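Please walk me through this structure in plain terms, helix by helix and then through the loops.

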Amino acid sequence: MKKFSRIALLALLVGCGSAQNMETQTGVVGGPAGVQGKIVNTIDNSEAYGSSDNGAMTPAFADKVKIGEIMDFLASDELQGRETGNEGIEKAANFIEGVFKKNNIMPYFVAYKDTLTNIDSNAYNVVGVLEGTDPILKNEFVIIGAHYDHIGIIAPENGDTIANGANDNASGTTTVLEFARYFGNKRNNKRSIIFALFSAEEKGLLGSAHLAKRLKSQNLDLYTMLNFEMVGVPLVEKDYYVYVTGYEKSNLAAISNNYAKEKLVGFLPTAKEYNLFQRSDNYPFDKEFAVPSQTYCTFDFTNFDFYHKVGDEPELMDYEHMANFVNKMYPVLENIINAPTKEIKYN
């Protein structure tokens with residue numbers, strides 16, 4: 001296990017607070033109006049992770065340095081594998097909250113943290129919203145999500161007991177935070193965007209199930225849920241960059257490739273064989289809303305050997321690949337969010 005020697009530096013950069021400094025109220029503010037919700041005791045712990053000084057958004061928005069900074073923190077030993085309910089995941093949640101606040105993403109509920117009601121341990125999703133700019137389309141929502149929990153401390157292997165969860169799923173969390181940074185500063189989204197980082201995915205998709213039910217009870221007009229899972233290493237010998245789970249269920253791949261102007265999204269037979277569509281946080285939204293809800297992923301069971309093992313370390317991630325993925329995906333998301341009609345449809 002590589003020691004996390006930059007903790008002192010990152011503490012200055014991200015300033016993570018303790019559990020005692022964070023309020024966890026969960027009263028509903030109610031959709032778009034929630035952008036005016038009360039921020040309770042939030043901590044700006046993401047100073048080094050905000051927008052650029054001149055605010056410019058270039059085609060090469062993401063870079064491997066920024067990607068590396070957040071990945072190295074989220075997957076550090078300090079966070080103890082981010083198991084739901086433990087002290088390490090609290091630090092991750094505080095950091096996510098700080099990124100949202102820094103980049104103009106408001107809490108969807110009364111506070112960013114939304115306490116789960118379907119698990120005994122103290123657990124919460126971190127949920128932000130960016131209201132749409134179009135007076136009509138802003139009443140429709142796109143959810144961009146990923147789970148930020150992992151499995152924590154496990155049986156020792158060569159003296160290492162921390163399952164750092166770099167690929168699973170600090171990589172997806174980092175990707176969503178980069179999208180929040182992009183849209184939060186550009187503010188060109190016609191539809192409203194919910195940025196959701198889920199806890200308790202590793203406990204059985206409990207965080208996403210909680211949020212899906214809660215939003216359904218509000219009669220949220222959900223257009224699509226786009227989830228990001230295990231995107232830290234590139235696919236090998238494929239003629240596409242990423243696959244989507246449930247490829248044959250919708251036209252999401254075709255829509256994505258049209259906006260990317262390349263074959264960005266492809267079909268992975270193994271994903272269908274293992275029914276990955278039902279094994280990530282897209283699935284509860286499919287069940288509750290029956291709208292296109294799918295996961296983008298670059299883990300294909302052959303390109304990474306440390307799934308749910310202590311070897312899922314940040315130094316094995318390809319940060320240049322991750323930056324390229326963000327840069328390829330944000331124009332796709334931008335066009336999906338701003339399309340005049342709900343063009344993604346289940347077959």
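**A walk through the predicted model**

Helix α4 has 21 residues, and the distance from its first C-alpha to its last is 28 Å, close to the 30 Å expected at 1.5 Å a residue. The structure shown is a predicted model. In the chain, α4 covers residues 166-186. Most of the helix is covered, with 19 of its 21 residues buried.

Two backbone details belong to α4 and its end. The peptide bond from Asp 168 to Asn 169 is cis, and its omega is near 0 degrees. Asn 169 has its place in α4. After the helix comes Arg 187, with a positive phi near 55 degrees.

From α4 the reader can turn to helix α9, against which α4 packs at an angle of about 50 degrees, with the two axes 10 Å apart. That angle makes α4 oblique to α9, because an angle counts as oblique when it falls outside the ranges for roughly parallel, roughly antiparallel and roughly perpendicular, and the last of these runs from 65 to 115 degrees. The crossing of α4 and α9 is right-handed.

Helix α9 itself takes in residues 319-338. Its 20 residues reach 28 Å from the first C-alpha to the last, close to the 28 Å expected at 1.5 Å a residue. There is nevertheless a kink of about 25 degrees in α9, placed at Met 329. The proline Pro 331 follows shortly after that point. At the start of α9, a side-chain oxygen of Asp 318 comes to within 3.2 Å of the backbone nitrogen of Glu 320. Like α4, α9 is mostly covered. Of the 20 residues in α9, 15 are buried.

Which other helices pack against α9? One of them is α2, made of residues 64-74. The angle between α2 and α9 is about 110 degrees, and their axes are 8 Å apart. This makes α2 roughly perpendicular to α9, because angles from 65 to 115 degrees are counted that way. In passing α9, α2 makes a right-handed crossing.

Helix α6, residues 252-260, is another. Its axis comes within 8 Å of that of α9, and the two cross at roughly 115 degrees. Therefore α6 is also described as roughly perpendicular to α9. The crossing of α6 and α9 is right-handed.

Away from α9, several single residues are worth locating. Ser 208 is found in helix α5. Is Ser 208 buried or exposed? At 0% relative accessibility, Ser 208 counts as buried, because the limit for a buried residue is under 20%. Ser 208 and His 147 are 61 residues apart in sequence, while their C-alpha atoms are 8.3 Å apart in space.

Thr 295 is a residue of strand β11. With a relative accessible area of 1%, Thr 295 is buried. The side chain of Thr 295 is joined to that of Asn 282 by a polar contact of 2.7 Å.

The loops supply residues of the opposite kind. Ile 136 lies in the loop between β3 (124-130) and β4 (141-147). Its relative accessibility is 64%, so Ile 136 counts as exposed, the limit for that being over 50%. The C-alpha atoms of Ile 136 and Lys 190 are separated by 8.6 Å, although the two residues are 54 apart along the chain.

Two further loop residues have a positive phi. Asn 219 is in the loop between α5 (206-217) and β8 (222-228). Its phi is near 60 degrees, a positive value in a residue other than glycine. Asn 219 is exposed, with a relative accessible area of 66%.

Ala 290 is in the loop between α8 (283-289) and β11 (293-297). Although Ala 290 is not a glycine, its phi is positive, at about 55 degrees. The relative accessible area of Ala 290 is 59%, which makes it exposed. The loop that holds Ala 290 leads to β11, the strand in which Thr 295 lies.

Notes
Residues are numbered from 1 along each chain as its sequence is written. This is a predicted model: local features need pLDDT of at least 70, side-chain atom pairs count only at pLDDT 80 or more; totals for chains, interfaces and linings use all residues. Side-chain values use heavy atoms; hydrogens and water are left out. Helices (H or I, at least four residues) and strands (E, at least two) are DSSP runs, numbered from the N terminus. The expected span of a helix is 1.5 Å times one less than its number of residues. The bend at a residue is the angle between axes fitted to the seven residues ending there and the seven starting there. Buried means under 20% relative accessible area, exposed over 50%, partly exposed in between (1.4 Å probe, protein chains only). A polar contact is a pair of N or O atoms within 3.5 Å; within protein, one must be able to donate a hydrogen and the other to accept it, and residues adjacent in sequence count only if both atoms are side-chain atoms. Axes are lines fitted to C-alpha atoms, for helices over the stretch in contact, and angles run from 0 to 180 degrees between N-to-C directions. Angles under 35 degrees count as roughly parallel, over 145 as roughly antiparallel, 65 to 115 as roughly perpendicular and the rest as oblique. A crossing is left-handed if the near helix is turned anticlockwise from the far one by less than a right angle, and right-handed if clockwise.
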